[in-house]
Amino acid sequence: MANRRSFLQSAFGLGAALFSADRLSASTSPSAAEHLKKSRTRDRRGASHIPVVTTDIGDLPYTMDGDVKVFHLIAQVVKQQIAPDKYIHAWGFNGSAPGPTIQVTQGDRVRVIFDNQLPEPSSIHWHGFEDQIQFDGQPGVSQPPVKPGGRFVYEFTIHQEGTYFYHSHMAMQEMAGMLGAFIMHPKEPYRPHCDKDYLIHLQEYAVLPNNTVPNTMNMEFNWLVFNGKAGPATTPLIARLGDRVRIRFVNLGMDHHPMHLHGHTFYTTGTEGGRIPESAWWPGNTVLVGVAQARDVEFVANNPGDWMVHCHLPHHMMNQMSSNVGRMTRMSGGMPAGGDMNTGMGMLRGTPGAPTGEDYGPALGQGLGGVGNGNDVSTTNGPLSPGKAQSAMSGMDHANMPGMQHDNMPGMDMSGMQMESGDIAPNATNVPNFPQDAYMEGPMMAMDKMVDRPENYGLNPGWSQFMQGMMTFIRVLPPDKYDEVISRMRDTNRPNDPYASVLNRG
């Protein structure tokens with residue numbers, strides 16, 4: 001009897017404990033981060049590879065030579081539009097900077113035929129690859145430099161997986177734009193399965209307003225780009241509500257970039273060394289991508305809206321920052337960039353034979369790094385009153401400023417160039433640090449029509465005037481809006497569309 005009573009008491013005690021634990025578990029909901037980490041997407045079928053989408057860039061095609069995938073990579077000078085009415089002459093690959101993305105699968109045999117069409121020697125380093133020394137791309141060490149018009153053949157057996165990249169191993173050529181992604185898909189697909197997989201390159205350029213050639217020796221930059229485009233020219237990332245999304249960030253430049261995602265919590269799941277074990281994933285909404293690093297983040301797009309993805313360094317959320325190119329639109333009597341108007345516009349007036357002299361323009365375009373130039377003068381961000389701002393605008397000679405005439409800039413709304421009533425407080429001139437953003441170029445000009453594309457369909461009117469530098473959107477769209485945007489993208493029928501893999505899946 002005692003044994004039977006003890007057994008029943010133990011059983012009732014265990015049941016009560018389990019019931020209590022269940023109630024405790026039910027009352028303690030998992031954190032959003034934990035929910036994200038364990039979430040599976042709506043596609044409950046077996047996981048499979050999905051191609052990575054590199055917006056504004058696309059992929060490098062390949063042919064087959066037996067069981068070898070053969071890619072043809074060409075280094076060349078490219079004319080690249082980085083923003084509305086702003087072109088640069090960068091050095092890139094196969095017509096773009098960054099170059100096209102190479103996608104392979106673990107176990108593949110890969111051959112890359114590299115042709116150098118640059119005016120000087122070059123070579124290609126395969127960043128993070130564990131392979132034979134003769135294919136590492138160190139000029140003068142592992143291989144001879146590839147001379148202009150020359151060719152070198154690299155060949156690998158892919159045994160790694162993750163986000164890697166290729167770039168010139170000539171340092172200044174890297175700063176001129178010579179970068180591309182190399183994706184090694186795992187033989188066994190990652191879990192949880194992702195519905196969308198995007199890649200974003202992070203780069204910087206220093207370019208004078210009236211010039212097209214980046215100053216690769218400069219240490220300050222006025223054009224900050226995603227996949228070769230500065231906001232608002234960047235193409236948004238598109239996701240259906242409920243998708244699990246991976247974004248791969250690749251950084252090859254001179255600055256580190258804290259990449260921030262609005263509206264969602266992500267997990268950091270990979271580096272330039274490959275996939276991080278799931279037990280070591282860490283949650284956040286900002287990830288620091290250092291120079292020569294890659295970072296993969298994943299999240300469930302469960303919060304509908306047009307959410308920003310951007311570098312959180314304040315000067316990287318601007319184009320043509322005033323500290324670099326001067327008060328280009330904010331001073332009556334000319335457009336100085338640290339000196340007078342001619343100097344600011346790069347109109348050469350100095351003695352011939354002194355191309356780096358101070359008379360030949362500000363540090364951004366002509367100096368050797370921006371340190372100690374006599375033309376660099378301490379100034380405020382702009383005029384200290386609405387009256388002076390009006391005077392600054394009226395004092396400009398628009399007839400002699402190409403690109404500033406309204407009829408030459410279709411799609412740009414210039415009506416916002418003057419501050420509206422109520423935008424500036426009556427006592428603004430008495431407030432320390434005024435102005436900051438009030439007279440910056442970006443919020444003054446809407447460019448919606450100039451950057452019109454199907455991916456932007458449905459954004460709020462005027463969105464482009466607050467979208468600069470290293471900025472884009474992750475658009476998390478309900479099914480009906482998602483289908484509408486995808487339909488418009490498909491109807492555009494763009495050649496070599498980077499979104500082709502998404503459009504083909506529907």
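**Exercise 1. What does D85 count as at 45% relative accessibility?**

*Solution.* Before starting, note that this is a predicted model in which local features need pLDDT of at least 70, side-chain atom pairs count only at pLDDT 80 or more, and totals for chains, interfaces and linings use all residues. Residues are numbered from 1 along each chain as its sequence is written, and side-chain values use heavy atoms, with hydrogens and water left out.

Step 1: recall the cut-offs, which are under 20% relative accessible area for buried, over 50% for exposed, and in between for partly exposed (1.4 Å probe, protein chains only).
Step 2: apply them to D85, whose 45% relative accessibility makes this residue partly exposed.
Step 3: place D85 on the chain, in the loop between strands β2 (residues 68–83) and β3 (residues 86–93). Strands (E, at least two residues) and helices (H or I, at least four) are DSSP runs numbered from the N terminus.
Step 4: look at the backbone of D85, where phi is positive at about 60° although D85 is not a glycine.

**Exercise 2. Find A292 in the model and describe its backbone and its accessibility.**

*Solution.*
Step 1: go to the loop between β18 (286–289) and β19 (293–300), where A292 is found.
Step 2: read the phi angle of A292, which is positive at about 70° although A292 is not a glycine.
Step 3: check accessibility; A292 comes out at 23% and counts as partly exposed.

**Exercise 3. Which residues do the two cis peptide bonds described here join?**

*Solution.*
Step 1: at the A97–P98 junction the peptide bond is cis, and omega is about 0°. P98 sits in the loop that runs between β3 (86–93) and β4, and β4 spans residues 102–105.
Step 2: the bond from G231 to P232 is also cis, with omega near 10°. For P232 the place is the loop between β11 and β12 (237–240).

**Exercise 4. Which way do the side chains of strand β11 point, and are they buried or exposed?**

*Solution.*
Step 1: mark β11 at residues 223–226.
Step 2: sort the residues by direction; W223 and V225 point one way, while L224 and F226 point the other way.
Step 3: ask why a pattern of this kind arises. In a regular strand the side chains alternate between the two faces of the sheet.
Step 4: add accessibility, and you will find that W223, L224, V225 and F226 are all buried.
Step 5: turn to the partner strand. β10 (residues 196–205) and β11 pair in the antiparallel sense over four bridges, where pairing requires that DSSP finds at least two bridges between two strands.
Step 6: line up one position across the pair; Q203 stands opposite V225 in β11.

**Exercise 5. Which members of the largest nonpolar core touch the most other members?**

*Solution.*
Step 1: fix the term. A nonpolar core is a set of buried Ala, Val, Leu, Ile, Met, Phe, Trp, Tyr and Cys residues joined through side-chain atoms within 4.5 Å.
Step 2: take the largest core, which holds 36 residues, and find F249 and Y499 as the members that touch the most others.
Step 3: see which element gives the most to this core; the answer is helix α7 (residues 479–492), with four residues.
Step 4: trace the partners of Y499, leaving aside its neighbours within four places in sequence. Y499 is in contact (heavy atoms within 4.5 Å) with V53, T55, Y198, T235, P236, L237, I238, E455 and M489.
Step 5: set these partners against the elements you already know. M489 falls in the range of α7, and Y198 falls in the range of β10.
Step 6: move to the second core, which is separate and has 27 residues, including L60, L73, F114 and I124.

**Exercise 6. How many helices and strands does the protein chain have, and what percentage of its 506 residues is buried?**

*Solution.*
Step 1: count the elements, which come to eight helices and 21 strands.
Step 2: read the buried share, which is 52% of the 506 residues.
Step 3: finish with the contacts in the chain that have a separation of 6 or more. Residues 24 or more positions apart account for 74% of these.
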